[in-house]
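Welcome! Take a moment to look over the model below, and then we will walk through it together.

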Amino acid sequence: MKTILFLGGLGVPEIVVIALVVLLLFGGKKIPELMRGLGKGVRSFKDGMNDNTDKQESENADKTDK
């Protein structure tokens, strides 16, 4: 059962240990702030990729119109 493919050979025990270490390092109050910042970063990255794709599509349309 490979539900988390990008983590490779990590199993449930390893993920639990990593989560506990993160909890100890950052504390319970900082983790939601970190996740919120990560979400904003991912969202801005996706928006940037979509903007770049839209620009390329409009440039290609301009080239074919000429």
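Let us begin with Phe26, which counts as partly exposed at 43% relative accessibility. This is a predicted model, and Phe26 lies in its helix H1. If neighbours within four places in sequence are left aside, Phe26 is in contact with Ile31 and Leu34.

Now for the wider picture. The protein chain has 1 helix and 0 strands, and helix H1 covers residues 12–65. Buried residues make up 0% of the 66 residues in the chain. About 6,100 Å² of the protein chain is exposed, with 64% of that supplied by carbon and sulfur atoms.

Phe26 also helps to make a nonpolar surface patch of about 970 Å². Its other members are Leu10, Val17, Ile18, Val21, Val22, Leu25, Leu34, Met35, Leu38 and Val42. Val42 has its place in helix H1 and, with a relative accessible area of 40%, is partly exposed.

What about charged side chains? The structure holds 1 salt bridge. Glu33 forms a salt bridge with Lys30, and their closest N and O atoms are 3.6 Å apart. Both residues lie in helix H1, 3 residues apart, which is about one turn of the helix.

Here are the relative accessible areas of the residues we have met:

| Residue | Relative accessible area | Class |
|---|---|---|
| Phe26 | 43% | partly exposed |
| Val42 | 40% | partly exposed |
| Glu33 | 45% | partly exposed |
| Lys30 | 45% | partly exposed |

Why does Phe26 count as partly exposed? Its relative accessibility is 43%, and the class applies because this value lies between the 20% limit for buried and the 50% limit for exposed.

Note on methods
Residues are numbered from 1 along each chain as its sequence is written. This is a predicted model: local features need pLDDT of at least 70, side-chain atom pairs count only at pLDDT 80 or more; totals for chains, interfaces and linings use all residues. Side-chain values use heavy atoms; hydrogens and water are left out. Helices (H or I, at least four residues) and strands (E, at least two) are DSSP runs, numbered from the N terminus. Buried means under 20% relative accessible area, exposed over 50%, partly exposed in between (1.4 Å probe, protein chains only). Accessible areas come from the Shrake-Rupley method with a 1.4 Å probe; for residues, only the protein chains shown count as cover. Patches are made of residues with over 30% relative accessible area and no salt bridge: like charges are joined within 9 Å, nonpolar side chains (Val, Leu, Ile, Met, Phe, Trp, Tyr) within 5 Å. A salt bridge is a side-chain nitrogen of Lys or Arg within 4 Å of a carboxyl oxygen of Asp or Glu. Contact means heavy atoms within 4.5 Å.
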